[in-house]
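Here are a few short exercises to work through with the structure open beside you. Try each one yourself before reading its solution.

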Amino acid sequence: MSSITCSCHSNLILKNRESRINGGSHLQYNGLKAIETVQMPASSAAYKTKAVKCGRIKAMASPIVSAPKREIDPKKRVVITGMGLVSVFGSDIHNFYNKLLDGQSGISLIDRFDASTYMVRFRGQIRDFSSKGYIDGKNDRRLDDCWRYGLVAGKRALEDANLGQRVLETMDKTRIGVLVGTGVGAITVFSDGVETLLQRGYKKMSPFFVPYIITSMGSALLAIDTGLMGPTYSISTACATANYCFYAAANHIRRGEADIMVAGGTEATLTATLVGGFIACRALSQRNDEHEKASRPWDTDRDGFVIGEGSGVLVMESLEHALKRGAPIIAEYLGGAVTCDAHHMTDPRADGLGVSSCIAKSLVDAGVSPKEVNYINAHATSTRAGDLAEVNAIKKVFKDTSELKMNGTKSMIGHALGAAGGIEAIATIKAITTGWLHPTINQYNLEPQVTIDTVPNVKKQHEVNVGISNSFGFGGHNSTVVFAPYKP
């Protein structure tokens, strides 16, 4: 007799259907339960091999006999030793989080191109950005803002981790990698190159056009500038990109392939092409007359998201390595997960199954139970379908939400697409280290289905035990990462 034994770490029913051949029977499974038996003739044309007598196939769920256990091996524990960002509120993390705590909106009218005839004329636009001290003048003029933001955020994260160039020169740089992804990439360079081709011909195109539009160039440029020779590449999973990068980077460390990973996301999307494209998708809020109130997650009057931009990068390090070099330990990365809705290019599953399974898997990876989580930095883009789909998924995993609080960073800074998870991971970690949750602003009429505390309009003091950060992207890409205070 043969049997299949499955471990189930949550109460979710996975609706994948499996088929098993048992003599002349075709068993179909819904999750872990056989739902029907269809008799199949032994001489079926589809199966011309001789029938083999075999025992009954059993599928059963093994009960959890003990509480989840967190990683204790210092070589596999992953801690955060540095953070760097570029945001609509600047590049100083302390100032950035204070503005979030104050409930300040960073949404403003577009002035980087003439948007006067556009149906949407506002966004989370970065102003007065300076790369001085981080990028040399010649490259600074050539590079797309996407790569400029990523370079500055990455180098600031390294500085925050006490990994300046002099320190790096003393280290084994083959053990330090870079994984900074982007959802779109160098869209300005691409748009300008196409315009040059059409108006002036291919001979006038920049020789940097091809290398600068490659999505892995953000990681590559940071590695080139700092001499980091470990695992270096990028991931592009739309708005879930940065969390995918954190998850992959942590696994490089856990597998012993790197001691340190510089990971996150970067995005610069303020172009006529991209704004026009999102308008065509009917994804954006059109609240032009009150743009600061446009991004309003979970509000009954929400009408779409607001585009943002920036970069958020973490230095992730094995605990053993961090302790050996006396690194500042800010927080701990406990785990993460990634899944796919397998449903639609842009719309989420209404039942939230892809998201709920992602959250549940992240908790298993982190070694924590749902009751230990008391804070969620939600994806919360302010779209009609997405906001409620996420809440439905959260309720499937967390049966008791009385102590749970969640907020939406995008209500203030907009949706930075591939960089969103990076910036929001920093917000999550700041919530852990400060004991204060920033508000979700523009909460006027909360959806009745949203029964979880969304920290409406005013910050709240809250000691975070375990916090998770969700990011989801077009294509059905789901990602969740789990952080907690560092405890020796």
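**Exercise 1: Asn243**

Place Asn243 in its helix, then decide whether Asn243 is buried or exposed and find what its side chain reaches.

*Solution.* Start with the position: Asn243 belongs to helix α8, which covers residues 241–254. Keep in mind that this is a predicted model. Next, take the accessibility: Asn243 has a relative accessibility of 0%, and buried means under 20%, so Asn243 counts as buried. Now follow the side chain, which comes to 3.1 Å from the backbone oxygen of Ser469. Finally, list the contacts beyond four places in sequence: Asn243 touches Gly421, the run Ser469, Asn470 and Ser471, and also Ser479, Thr480 and Val481.

**Exercise 2: the nonpolar cores**

Find the residues with the most contacts inside the largest nonpolar core, then trace the surroundings of Phe483.

*Solution.* The largest nonpolar core contains 48 residues, and Leu314, Met316 and Phe483 have the most contacts inside it. Setting aside neighbours within four places in sequence, the contacts of Phe483 include Ile80, Leu314, Tyr333, Ala425, Ile429, Ile432 and Val466. Glu332, Thr428 and Gly467 are also in contact with Phe483. A separate second core has 35 residues, among them Ile135, Leu143, Leu151 and Met217.

**Exercise 3: a surface patch**

Locate Tyr202, classify its accessibility and name its partners in a nonpolar surface patch.

*Solution.* Tyr202 sits in the loop between α5 (187–200) and α6 (209–213). Its relative accessibility is 58%, and exposed means over 50%, so Tyr202 counts as exposed. On the surface, Tyr202 forms a nonpolar patch with Phe190, Val194, Leu197 and Leu198, and together they have about 520 Å² of accessible area.

Note on methods: Residues numbered from 1 in each chain as written. Predicted model: local features only at pLDDT ≥ 70, side-chain atom pairs only at ≥ 80, totals over all residues. Heavy atoms only, no water. Core = buried A, V, L, I, M, F, W, Y, C linked by side-chain atoms within 4.5 Å. Buried < 20%, exposed > 50% of the residue type's maximum accessible area, 1.4 Å probe, protein only. Contact = heavy atoms within 4.5 Å. Helix = DSSP H or I, 4+ residues; strand = E, 2+ residues; numbered from the N terminus. Polar contact = N/O pair within 3.5 Å; in protein donor to acceptor, adjacent residues only side chain to side chain. Patch = residues over 30% accessible without salt bridge, like charges linked within 9 Å, V, L, I, M, F, W, Y side chains within 5 Å. Areas by Shrake-Rupley, 256 points an atom, 1.4 Å probe, with all protein chains shown as cover. Salt bridge = Lys/Arg side-chain N within 4 Å of Asp/Glu carboxyl O.
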